[in-house]
Every structure is written in structure tokens, then in C-alpha cells.
Amino acid sequence: MNRNLIIGDITLDIIMDTPSFPIRSGLSVISNNALFEPGGNANTIITACRLGAKVEAAGMVGNDFQGHFVLDVLEKEGCGTDLIQKNGTTTIVVTLTDMSGNHSFHGKSGTGAEFDTDVVSALDFDSIANVYLTGYSINDARTEKLCRMVVSSASAKSNIILDPGPEFCMLPEDLKCFFLSKADYFLSTTDEIRALGYKNAEELQFDFPHLFIVEKKGKNGCSAYGADALRIDYRCHPSVNAVDTSGAGDSFAGGFLAALSHGFDFAKAVHFANCVSEVKVSKFGCGRCMPYKKEVLDFIKKENIDI
């Protein structure tokens, strides 16, 4: 039971750098870097695969050049793509990163029919160790039903990992409560917790005491809150030079999935995922630029990190 199922939010990203934000109207900006890469949950998939996890993806891409390109990359990275359906158009995101590593996203949602869940009903859910989904996956009309079905059908032994992102707070209250009640792990940011109406992670955990919560804090690292009231803080290492913060949360999720797959407990999985995200932000770009296992292990060794 070591399979990981990642649901929805598979995009095509166009990634460029910019000298600064905001960009003045009418100004022509010449970028030093321009990449054409899989994005969204594809970043999490690639990271987890490179760190030795067995990953299958279920979701939608367009029956277009962009969708076929994304699928080709994921297959080459070792991801199972049989549950990715092709119709309509692929979601496209333009990512701009400034010289301080800050980023902004500009996206066009993909179009197409709702995911045909009949193919998922035949899955051996007992063999799936971890199910990962995001607020983007749930708030997408093509994959909302898929998310609800998989979470409802998952084995009691499976971990449900929910990464809310900025989209989760836009969901109706009943949907938010459904997914929060079903989730085992909640990988969030401080802003995302507040957007749900909570002052802090402790308040969220009070309402959902079964949840293991990760509060990601950017350059200040992250905090892990266990269901048994455990709290551990992990700081970022001063040697890390943030070149590009886009994909940091995706790499964190991929590292967390891989760590759980390798038998790490919650605290160690968070610590490892934090290291993976530190390696990511030191590199420009996402998709095929996500961290490799050797890069992460070299960083852990260099910083003398005990995991």
C-alpha cells in the first residue's frame, strides 16, 4: 500500500522573470528566462516521483498541444497517467518572478466536459496510501465530483492530504466542512487559514481536532500542529538564496507525499518537505526544474540536518 493518487489541477505554465512589480502599463519588459513547463499539481507529481514515490494522477488536460505536452513530460517522469482524461482545452498559467524571488500568476482556466468518474470506481482504493488534492481541484467544475468521489471512497487506511490554496475559501460552507472533516493532513499558509475565518492554526484545529496541520510561512519556514496538540517549528536556513518562490508549496507537497511513502512520521515528513521547498526556491522555474533527490540529499548533508 504505497501508491499516491494526485487529483486535478494539471496546467501548462509559461514562466518568465521580470525586473520588479508592479509592471508599468505600456512598458516592454525583456526577460532573461522563459520556460514552457507543466504546472499546478504537475509540480507536486514531478517532485514526488523524483523523490522515489509511486504516483498516479487523475484529472483533466485539453485535447490540444499543451495537454499532450504535459502528459508526455509526466510519463517521462514516471507518473501513471492512465486516469488523466483529455478533452477541451488545457489550463494555462503565466508566472512572473521578480529579482527578489516574488511571483504572480495570471491564468486562463481550461474548458471541457466533467471528468468521467466511472473509470475511477474500479480503482483498488485499499492499495492507495495517500490521496492529495487542492482547492483548485475542488473548485474546478471538471473535477469537483471526482474529488468528492475519491475522498468518500478512500480506504480508512488512506491519508487524505488537502492543500487548500486560495481557491478553497471560495467554496460553499458545506463543501469546505466536508473536505475538512475527511482530510487527515492540511497543508496551508497563514493567509489561507485566515481566509477561512480563523485567527490561527490552533483555532482551526479546535474545530477539526483530528487534523494534522502544516502552516507554511514563506521565508520563516513552517509550523507543524499534530492532532495530539504537538507543535514543532521549522526555520529556513540562512544559506538559502530565494531565486524563485513559485512552486515552493508544490514542492513541499511532493516532498511530504514522498516522505509519507517512505514511512516518515508526521514531524519528520514536514521537516523533509521544508528542506525540499528550500531547494526549490533556490532554482528558477517549475515543472522539469523541480528538485531532484540528489539535490535534496546534498542540501540536507550540507546543512547537517538530522531527519
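1. A definition to start: helices and strands here are DSSP runs, with at least four residues for a helix and at least two for a strand, numbered from the N terminus. Bear in mind too that this is a predicted model. With that in hand, A227 sits in the loop between β12 (222-225) and β13 (231-234).

2. Staying with A227: is this residue buried or exposed, or something in between? A227 is partly exposed, because its relative accessible area is 34%, and the buried class stops under 20% while the exposed class begins over 50%. Setting aside neighbours within four places in sequence, A227 has contacts with Q205, P209, H210, L211 and F212. F208 is 19 residues from A227 along the chain, and their C-alpha atoms are 9.0 Å apart.

3. Now the cysteines. How many disulfides turn up in the whole structure? Zero. For C236, the closest cysteine sulfur belongs to C222 and lies 7.7 Å away, so that pair is too far apart for a bond. C289 tells a similar story: its closest cysteine sulfur is the one in C286, at 7.5 Å, again too far for a bond. The cut-off for a disulfide is 2.5 Å between the sulfurs. As for accessibility, C236 counts as partly exposed at 27%, whereas C289 is buried at 18%.

4. Next, the nonpolar interior. In soluble globular proteins, nonpolar side chains tend to be buried together. Here the largest nonpolar core has 52 residues, and L74, F256 and V270 have the most contacts inside it. Helix α9 (residues 266-281) gives the most to this core, with nine residues. A second, separate core has 37 residues, among them L83, L123, F125 and A154.

5. F256 deserves a click in the viewer. Which residues does F256 contact, leaving aside neighbours within four places in sequence? They are I161, Y185, L187, F266, A269, V270 and A273. V270 appears again here, as another of the residues with the most contacts inside the largest core.

6. While you're on α9, have a look at H271, which is found in that helix. H271 is buried because its relative accessible area is 17%, and buried means under 20%. Not counting residues up to four places away in sequence, H271 touches Y234, I305, D306 and I307.

7. I307 also helps to line the second largest pocket, together with L51, A259, H262, F264, F272, K293, L297 and I300. The volume of this pocket is about 160 Å³. Which helix gives the most to its lining? That is α10 (residues 293-302), with three residues. By class, the lining has seven nonpolar residues, one polar and one charged.

8. On to enclosed space. Rolling a probe the size of a water molecule over the atoms shows where empty space is left. The structure holds one cavity of 30 Å³ or more, and the largest cavity has about 30 Å³ of space in it. P164, G165, P166, C169, E192, A195 and L196 form its lining, which splits into five nonpolar residues, one polar and one charged.

9. Last, helix α1 (residues 41-50). This helix is mostly covered, with ten of its ten residues buried. Polar names are on that buried list as well as nonpolar ones: N41, N43, T44 and T47 are included, along with A42, I45, I46 and A48. C49 and R50 are buried too. After α1 comes G52, which has a positive phi near 95°.

Note on methods. Residues numbered from 1 in each chain as written. Predicted model: local features only at pLDDT ≥ 70, side-chain atom pairs only at ≥ 80, totals over all residues. Heavy atoms only, no water. Buried < 20%, exposed > 50% of the residue type's maximum accessible area, 1.4 Å probe, protein only. 1 Å grid on protein atoms, 1.4 Å probe; cavity = no way out; pocket = protein on both sides within 12 Å on 5 of 7 lines; lining within 4 Å. Points joined across faces, edges and corners; volume = space filled by probe spheres on them. Core = buried A, V, L, I, M, F, W, Y, C linked by side-chain atoms within 4.5 Å. Contact = heavy atoms within 4.5 Å.
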